[in-house]
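User: Please take a close look at one part of this structure and explain how its pieces fit together. I am in my first year, so plain wording would help.

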Amino acid sequence: MARVLVLSMFFSPDGLSTATIVSELAQDLKAKGHDLSVIATVPHYNYEPEARTNQPLKKRWFGLYHRSEYHEIPVWHTTIGPRRERGRGRMMIFLIHNLVSLLLGLFAIGKQDVILVVSPPLTSGVIGRMLAIIKRAKLIYNIQELYPETYITMGAMREDSLPAKILFRIEKLVYRVSHALTPIGQVFADAIEAQGVDPTKLHVIPNFVDTNFLKPHPKDNPLAQEYDLSDSFVVLYAGNIGLSQSFDTLLETAKRLEDTPQIKILIVGDGVRQADIAEKAKQLSNVIVLPYQPRSRVPDIYGTADLGLVPLMKGTAKTTLPSKLYTIMATGTPALVAVDPDSDIVRQVKEAQAGVAILPDDADELEKAIRYAYAHPEENQQYGKNGRAYALENFSRETVAQRYHQLICNLS
């Protein structure tokens, strides 16, 4: 079996969904016989007290980095500043992490056969390639989002700007020097191949969801009881409350739905717009906004839901594939995706017959879709059953871990 070094910004005990995915993948690869090591950051996204207790971090090099053990996997955590969503602060976080990761990879970690880099940031691919050369290892570059395309689509960066031009060059370099690329969706793979990348490098491997932990759950549960939602039709958004989601459209739709008190909008999560959305929601009688909740409450959150919402602003669905879609399907929650029609999100929902897809940023369409789901409960529930079956077949931990296992064995 192979010695595998994982480079990822996010890893347990961080509570971000990406951290959960990468951590559980590492655990599964170790169970298949591989020797795993991990370089990540200290937890800086979603705080999980229980996870921190179970996986204590110990300072090293006067706090420059920390060490921990995750299911007998050694983890090196680079120390970074407070989380920032955008701008120079975010770039500094990336650069500090990359620099310390390189030093740890060179001096703290021995020979490796495979370097698995989880993006973003793009620059981690460069660090991964440098370590792969020095350690004579193969490089697998996992693509969670397309950068700098995501920045450009969100309006955070101009396509003709100097930073964008630099990032495009880094993107092409990383794709060229990687031995294998694992985009999480076919649309991503098509976009990468269109750049002239050798298609034999591309291995589309989706993110997974723990279908044993995340499964259909009773609606009348402690969270539903706490917020008096057991008898309501609940439209759920759970995840990052950031810049790429159409929250203004969602709140406008909620205002229109106030004439049907049975319909409630539940928003759960953290992010740069959380305070803004929570403040605006105070003016609406049918919207509940909750902060980030511990992972242990996720089954109750989705059990409460009658409809799982994925609302992305126009253009963004082509460069990102939210892991919440897998959670929606795994929990048997009917999906309502308001995203670009030519995206992996829509393709998967249609293929699974797991819900309804509408155009993004359209309050009329969103209102119509919610009212229809509310008025047709049997049809809506069938979508949830279809999604659960599709998740079991395509997005289970074992299925995805086996595909990575086979790829690592083929490379090493």
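Analyst: Two strands count as a pair if DSSP finds at least two bridges between them. With that in hand, the part to look at is the open sheet of 8 strands in this predicted model.

The strands of the sheet lie in the order 3-4-5-2-1-6-7-8, and their pairing is mixed. Strand 3 (58-60) and strand 8 (180-183) are the edges; each has a single partner strand, so one side of each has no neighbour in the sheet. On average, neighbouring strands here are turned by 20 degrees against each other, direction ignored. In general, strands of a sheet pair through backbone hydrogen bonds, and they may be parallel or antiparallel.

One pair serves as an example. Strand 2 (residues 35-41) and strand 5 (residues 73-78) run parallel and are joined by 4 bridges. In this pair, I39 stands opposite W76 of strand 5. Helix 4 (residues 123-135) packs on the sheet, where it touches strand 1 (3-7), strand 6 (114-119) and strand 7 (138-143). The direction of helix 4 makes about 175 degrees with that of strand 6. Helix 7 (residues 186-193) lies across strand 7 and strand 8, and it runs at about 140 degrees to strand 8.

The loops that link these elements hold some backbone details. Most residues other than glycine have a negative phi, and most peptide bonds are trans. Against that background, S12 and P13 are joined by a cis peptide bond, with omega about 15 degrees. P13 is in the loop between strand 1 and helix 1 (17-31). Another cis peptide bond joins S119 and P120, and its omega is about 0 degrees. P120 belongs to the loop that leads from strand 6 to helix 4, and helix 4 is the helix described above as packing on the sheet. E72 has a phi near 70 degrees, which is positive although the residue is not glycine. E72 sits in the loop between strand 4 (65-70) and strand 5.

For comparison, here is another parallel pair, further along the chain. Strand 13 (residues 335-338) runs parallel to strand 14 (residues 355-358), with 4 bridges between them. A335 stands opposite G355 of strand 14. Together with helix 13, these two strands make a right-handed β-α-β unit.

Helix 13 (residues 344-352) also packs against a helix. Its axis comes within 9 Å of that of helix 15 (residues 377-394), and the two cross at roughly 105 degrees. Angles of 65 to 115 degrees count as roughly perpendicular, which means that helix 13 is roughly perpendicular to helix 15. Q348, E351 and A352 of helix 13 meet N386, G387 and Y390 of helix 15. Sorted by class, this contact has 2 nonpolar, 3 polar and 1 charged residues.

Helix 15 packs with helix 14 (residues 363-375) as well, at an angle of about 100 degrees and with the axes 5 Å apart. Helix 14 and helix 15 are therefore roughly perpendicular too. Here Y372, A373, Y374 and A375 of helix 14 meet P377, E379 and N380 of helix 15. This contact has 5 nonpolar, 1 polar and 1 charged residues.

Finally, the setting. The protein chain has 16 helices and 14 strands. Its radius of gyration is 21 Å, close to the 22 Å that the globule rule gives for 412 residues, so the chain is as compact as a globular protein of that length.

Notes: Residues are numbered from 1 along each chain as its sequence is written. This is a predicted model: local features need pLDDT of at least 70, side-chain atom pairs count only at pLDDT 80 or more; totals for chains, interfaces and linings use all residues. Side-chain values use heavy atoms; hydrogens and water are left out. Axes are lines fitted to C-alpha atoms, for helices over the stretch in contact, and angles run from 0 to 180 degrees between N-to-C directions. Angles under 35 degrees count as roughly parallel, over 145 as roughly antiparallel, 65 to 115 as roughly perpendicular and the rest as oblique. Contact means heavy atoms within 4.5 Å. Ala, Val, Leu, Ile, Met, Phe, Trp, Tyr, Cys and Pro count as nonpolar, Asp, Glu, Lys and Arg as charged, and the others, Gly among them, as polar. A crossover is right-handed if, with the strands pointing away from the viewer, the path from the first strand over the helix to the second runs clockwise. The radius of gyration is taken over C-alpha atoms; the globule rule is 2.2 Å times the number of residues to the power 0.38.
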